[in-house]
Amino acid sequence: MSAVLKDAPKLVRMLDSDLAEVLAIENAVYTHPWTRGNFGDSLRAGYQCWTWRLEAELLGYFVLLVAAGECHLLNLSVAASRQRAGHGSELLRQAMQLARKDGAQRIFLEVRPSNLAGKALYERFGFREVSVRRDYYPAHDGREDALVLTLAL
Ligand SMILES: CC(C)(COP(=O)(O)OP(=O)(O)OC[C@H]1O[C@@H](n2cnc3c(N)ncnc32)[C@H](O)[C@@H]1OP(=O)(O)O)[C@@H](O)C(=O)NCCC(=O)NCCS
């Protein structure tokens with residue numbers, strides 16, 4: 001029993017002291033990663049910033065903004081070496097649960113059309129596309145659109 005509990009990852013609030021590890025993952029999994037400043041601002045603004053840890057190992061994290069009955073998933077990432085093992089799905093489930101608890105009835109997020117992993121994950125959960133933000137993201141050669149996806153909670 002204790003072995004099972006020991007092996008289960010846990011959701012732990014993100015602190016400033018996590019940022020070096022968070023940025024190591026962030027820089028490895030995105031072509032245009034968030035900066036330390038982006039995470040610091042999110043922490044100071046009181047957004048829901050959570051890490052997903054197996055013992056001392058950081059597996060992933062998310063940043064969620066809940067306001068006025070809606071929530072926006074601003075970042076959701078899993079360490080490259082830990083992807084395709086269900087952690088992204090579990091983090092998304094946990095984020096939606098927290099949002100529901102805080103009164104959100106709908107979740108929104110943006111994803112690059114080129115992000116096949118992200119799109120496949122959200123599709124599996126039943127997200128649908130509601131709009132496109134033209135030239136939203138920086139890209140290697142210019143800009144890339146953002147697909148705005150949503151799901152009722
Ligand atoms: C998107 C991301 C969070 C998915 O995390 P993950 O831990 O690999 O997700 P899961 O293992 O729960 O995968 C769930 C499903 O998503 C889809 N998926 C995940 N990665 C995929 C990939 N590389 N290619 C195609 N489908 C993929 C599959 O349907 C997968 O189910 P399966 O493994 O049974 O086929 C992860 O790839 C990541 O951190 N990417 C970089 C950051 C990012 O793009 N975040 C989203 C920004 S909007």
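This report walks through the fold of a predicted protein model and the surroundings of its ligand.

## Overall fold

Let's start with the protein as a whole. Its secondary structure consists of five helices and seven strands. If you follow the chain along the sequence, these elements come in the order α-β-α-α-β-β-β-α-β-α-β-β. With a radius of gyration of 15 Å, close to the 15 Å that the globule rule gives for 153 residues, the protein is as compact as a globular protein of that length.

For a feel of the dimensions, the C-alpha trace spans about 50 × 35 × 30 Å along its principal axes.

## Where the ligand sits

Now to the binding site. The ligand takes up the space of the largest pocket. Four elements each give two or more residues to the shell around the ligand: strands S4 (70-78) and S5 (106-111), together with helices H4 (87-101) and H5 (116-125). Of the contributors, H5 gives the most, with six residues.

## Who surrounds the ligand

The shell holds 21 residues, and the closest of them are Arg 84, Gly 86, Gly 88, Ser 89 and Asn 115. Sorted by character, the shell residues comprise ten nonpolar, eight polar and three charged.

## Polar contacts and coverage

Three contacts are worth a look in your viewer. On the backbone side, an N or O atom of Gly 86 lies 2.8 Å from an oxygen atom of the ligand. Gly 86 is also one of the closest residues in the shell. Two side chains take part as well: an N or O atom of Tyr 30 is 3.2 Å from a nitrogen atom of the ligand, and an N or O atom of Gln 83 is 3.4 Å from an oxygen atom of the ligand.

As for coverage, the ligand on its own has 900 Å² of accessible area, and the protein covers 78% of that area.

Definitions and conventions: Residues numbered from 1 in each chain as written. Predicted model: local features only at pLDDT ≥ 70, side-chain atom pairs only at ≥ 80, totals over all residues. Heavy atoms only, no water. Near = heavy atom within 4 Å. Polar contact = N/O pair within 3.5 Å; in protein donor to acceptor, adjacent residues only side chain to side chain. Areas by Shrake-Rupley, 256 points an atom, 1.4 Å probe, with all protein chains shown as cover. 1 Å grid on protein atoms, 1.4 Å probe; cavity = no way out; pocket = protein on both sides within 12 Å on 5 of 7 lines; lining within 4 Å. Sits in = over half its atoms within 2 Å of the grid points. Nonpolar A, V, L, I, M, F, W, Y, C, P; charged D, E, K, R; others polar. Rg over C-alpha atoms; globule rule 2.2 N^0.38 Å.
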